[in-house]
Amino acid sequence: MSGHDHGDDGVNRRKVLECMTWAGTGVLWTITGGVPRSLGIIDSAQAATAAAPGMTFLQISDSHVGFDKPANPNALGTLEEAINKINAMPAKPSFMIHTGDITHLSKAAEFDNAERIISQTKLDVHYVPGEHDFIDEEVKLYRERYGRGTKGHGWYSFDAGGVHFVGLVNVVDLKAGGLGNLGAEQLAWLEDDLRGKSKSTPVVLFAHIPLWTVYPEWGWGTEDGGRALEYVKGFGSVTVLNGHIHQVMQKVEGNVTFHTARSTAFPQPAPGAAPSPGPMKVEDARLRSMLGVASINFKQNEQRLAIIDTPLQG
């Protein structure tokens with residue numbers, strides 16, 4: 001038993017974590033009128049049918065280009081597999097978002113290799129940084145490539161298909177234990193950005209570290225994330241997309257559905273299932289079933305979002 005699981009609190013936490021975990025291929029998640037419900041496990045062909053027509057965009061995360069440890073000696077190769085899977089989709093998505101940790105060590109060659117592979121989709125890609133993208137000496141390589149037209153450390157918003165998207169940066173000035181941080185300047189900008197938007201407009205917030213508290217002991221949460229969520233409370237449909245924890249988890253709070261994506265590089269342990277977070281070595285035959293991408297669909301006349309998680313294999 002984990003040191004964190006003791007007494008009723010441990011049992012309750014474990015039950016909550018079990019409820020938050022998705023397993024299997026192609027779990028289709030719909031949000032209709034702000035009320036999310038799972039449509040169960042479906043295969044990729046049904047998923048493709050269910051997701052069309054409408055606007056579909058993709059989420060990839062945690063590519064960690066440059067990582068070469070036993071958990072995955074070829075992170076660039078599995079990123080390429082993910083991109084090939086995207087290119088094989090029957091309907092071309094509108095665009096892609098990358099929720100950070102593009103690289104493992106913020107090296108120029110790592111950014112270049114990631115761009116070479118990801119650009120093969122020929123899609124517009126909207127990035128937010130992970131903490132691994134901000135560790136070069138002058139913290140400039142990410143911003144030079146992806147920071148043009150953004151505010152502050154790289155936050156921005158855009159509209160597509162009737163949905164308002166907001167890219168947030170919560171990997172600067174990390175808090176105790178590695179918790180994410182948005183900061184006062186970005187929060188003030190977010191409040192202003194959302195002001196005047198119709199409350200019927202679906203909103204998608206995306207950032208690297210979960211904006212909700214998954215497991216604070218491992219820094220899996222954002223210290224001031226609650227303040228950002230206050231600003232979207234009045235909207236009928238809000239979806240929050242994150243990475244960082246390298247596994248699919250979800251939670252629903254009122255009108256807000258939170259979703260974290262698989263990595264394309266390596267899995268991490270379930271919260272509390274190991275002494276600490278970090279790359280998790282699994283049998284080679286299992287690795288690709290624990291890596292993957294997410295496809296998100298919005299049908300305007302139904303005010304509906306659907307999330308389909310697809311592993312690289314399985």
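Accessible area, as I use the term here, comes from the Shrake-Rupley method with a 1.4 Å probe. On that basis the protein chain in this predicted model exposes about 13200 Å², and carbon and sulfur atoms supply 52% of that area.

Let me stay with the whole chain for a moment. Of its 314 residues, 55% are buried, and the secondary structure comprises eight helices and 13 strands. If we take the contacts with a separation of 6 or more, 71% of them are between residues 24 or more positions apart.

I would now like to turn to one helix, α3, which covers residues 75-87. Its 13 residues, at 1.5 Å a residue, should span 18 Å, and because the C-alpha atoms at its ends are 18 Å apart, the expected and modelled lengths agree. Which residues of α3 are buried? They are A75, G77, T78, L79, A82, I83 and I86. In an α-helix there are 3.6 residues a turn, so residues three or four places apart point the same way. As for their partners, the buried residues of α3 pack against three strands and a helix, namely β3 (55-60), β4 (95-98) and β12 (292-299), together with α4 (108-118).

Finally, a hairpin further along the chain. Strand β10, residues 249-253, and strand β11, residues 256-260, run antiparallel and are joined by five bridges, with M249 of the hairpin standing opposite T260 in β11. Two residues lie between these strands, and in this hairpin G254 takes a positive phi near 60°.

How values were computed:
Residues numbered from 1 in each chain as written. Predicted model: local features only at pLDDT ≥ 70, side-chain atom pairs only at ≥ 80, totals over all residues. Heavy atoms only, no water. Helix = DSSP H or I, 4+ residues; strand = E, 2+ residues; numbered from the N terminus. Buried < 20%, exposed > 50% of the residue type's maximum accessible area, 1.4 Å probe, protein only. Contact = heavy atoms within 4.5 Å. Pairing = 2+ DSSP bridges. Expected span 1.5 Å × (residues − 1).
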